[in-house]
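Trainee: I have just opened this entry and would like to learn how to read it. Could you take me through a few features, one at a time?

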Amino acid sequence: MIVLGIDPGYAIVGYGVIEVVGSNIIPIVCGVIETPTSESIPVRLAMLDEKLSVLIKKYLPDAIAVEELFFNTNTTTAIKVAQARGVILLNAIKQCGELYEYTPLQVKMALTGNGRADKHQMQYMVKALLGLDEAPKPDDAADALAVAICHAQTTDFSKRVLN
């Protein structure tokens, strides 16, 4: 089972691809999709859509897990991120069909057992659970891997029939 985790944004979108084999979680790739600040929001959204399509076609995930938005006090940023998240969700459901959403609290609980875990605790657990020598960089990529791991740890793949 291949899982693509996504940490949404409009300037930087983190992604992480893992493979679940039995109880093992194997890292495949992680990184970020960046859009240039010099472009308008519609152009950046189109770029995000195109780059995400390429990523999905390359790794052919069986499931895509996306982190839900955490709204802060900056509504302008929240609206832009929500627009990007809409592009991500539409692209994911059209290309994969298996879309799952997790709150930051759910991701933290799945990886650390603590819904208030800080970024360092999360990065440590991503590193430990994937058997990596160091935490993935940048933070957005590590966050995306955490979302993918959350899905892997909260889904019973043994009950799923794969074709």
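Mentor: Gladly. Let us begin with a term: a residue is called buried under 20% relative accessible area, exposed over 50%, and partly exposed in between. Keep in mind that this is a predicted model.

Trainee: Then is Asn114 buried, exposed or partly exposed?

Mentor: Asn114 has a relative accessibility of 33%, so it counts as partly exposed. You will find Asn114 in the loop between α3 and α4.

Trainee: What does the side chain of Asn114 lie close to, and which residues does Asn114 contact?

Mentor: A polar atom of the Asn114 side chain lies 2.8 Å from the backbone nitrogen of Arg116. Setting aside neighbours within four places in sequence, Asn114 is in contact with Lys108, Met109 and Gln121.

Trainee: How far apart are Asn114 and Pro42 in space?

Mentor: Their C-alpha atoms are 38 Å apart, and 72 residues separate Asn114 and Pro42 in sequence. For another pair, take Tyr100 and Glu68, which are 32 residues apart along the chain and have C-alpha atoms separated by 9.7 Å. Tyr100 sits in strand β5, residues 99–102, and its relative accessibility of 25% makes it partly exposed.

Trainee: Now the helices. How do I describe two that pack together?

Mentor: Two packed helices are described by the angle between their axes and the distance between the axes. Try α3, residues 104–112, with α4: the axes come within 10 Å and cross at roughly 50°. That angle makes α3 oblique to α4.

Trainee: Is that crossing left-handed or right-handed, and which residues meet there?

Mentor: The crossing of α3 past α4 is left-handed. From α3 come Val107, Lys108, Leu111 and Thr112, and they meet Gln121, Met122, Met125, Val126 and Leu129 of α4. Sorted by class, this contact of α3 with α4 has six nonpolar, two polar and one charged residues.

Trainee: What are the angle and axis distance for α3 and α5?

Mentor: Those two helices pack at about 70°, and their axes are 9 Å apart. Here α3 is roughly perpendicular to α5, since angles of 65 to 115 degrees fall in that class. The crossing of α3 and α5 is left-handed. On the α3 side are Gln106, Val107, Ala110 and Leu111, which meet Ala146, Val147, Ile149, Cys150, Gln153 and Thr154 in α5. The contact of α3 with α5 comprises seven nonpolar, three polar and no charged residues.

Trainee: And how do α4 and α5 pack?

Mentor: Their axes are 10 Å apart, at an angle of about 60°, and the crossing of α4 and α5 is left-handed. The contact involves Lys119, Met122, Gln123, Val126, Leu129 and Leu130 of α4, together with residues of α5 including Asp139, Ala142, Ala146 and Ile149. By class, the contact of α4 with α5 divides into eight nonpolar, two polar and three charged residues.

Trainee: Could we look at one residue from that contact? Is Gln123 buried or exposed?

Mentor: Gln123 is buried, because its relative accessible area is 10%. Gln123 lies in helix α4, and beyond its neighbours within four places in sequence it contacts Ala135, Lys137, Asp139 and Ala142.

Trainee: How do I spot unusual backbone geometry?

Mentor: Most residues other than glycine have a negative phi, and most peptide bonds are trans. Leu60 is not a glycine, yet its phi is positive, about 45°. Leu60 is in the loop between α1 and β4, and it counts as exposed at 60% relative accessibility.

Trainee: Which residues are joined by a cis peptide bond?

Mentor: Lys137 and Pro138 are, with an omega of about -10°. Pro138 belongs to the loop between α4 and α5.

Trainee: One last residue: where is Thr35, and which contacts does it make?

Mentor: Thr35 lies in the loop between β3 and α1, and its relative accessible area of 7% means that it is buried. A polar atom of the Thr35 side chain lies 2.5 Å from the backbone oxygen of Tyr10. Apart from neighbours within four places in sequence, Thr35 is in contact with Tyr10, Ala11, Arg44, Met47 and Leu48.

Notes. Residues are numbered from 1 along each chain as its sequence is written. This is a predicted model: local features need pLDDT of at least 70, side-chain atom pairs count only at pLDDT 80 or more; totals for chains, interfaces and linings use all residues. Side-chain values use heavy atoms; hydrogens and water are left out. Helices (H or I, at least four residues) and strands (E, at least two) are DSSP runs, numbered from the N terminus. Buried means under 20% relative accessible area, exposed over 50%, partly exposed in between (1.4 Å probe, protein chains only). A polar contact is a pair of N or O atoms within 3.5 Å; within protein, one must be able to donate a hydrogen and the other to accept it, and residues adjacent in sequence count only if both atoms are side-chain atoms. Contact means heavy atoms within 4.5 Å. Axes are lines fitted to C-alpha atoms, for helices over the stretch in contact, and angles run from 0 to 180 degrees between N-to-C directions. Angles under 35 degrees count as roughly parallel, over 145 as roughly antiparallel, 65 to 115 as roughly perpendicular and the rest as oblique. A crossing is left-handed if the near helix is turned anticlockwise from the far one by less than a right angle, and right-handed if clockwise. Ala, Val, Leu, Ile, Met, Phe, Trp, Tyr, Cys and Pro count as nonpolar, Asp, Glu, Lys and Arg as charged, and the others, Gly among them, as polar.
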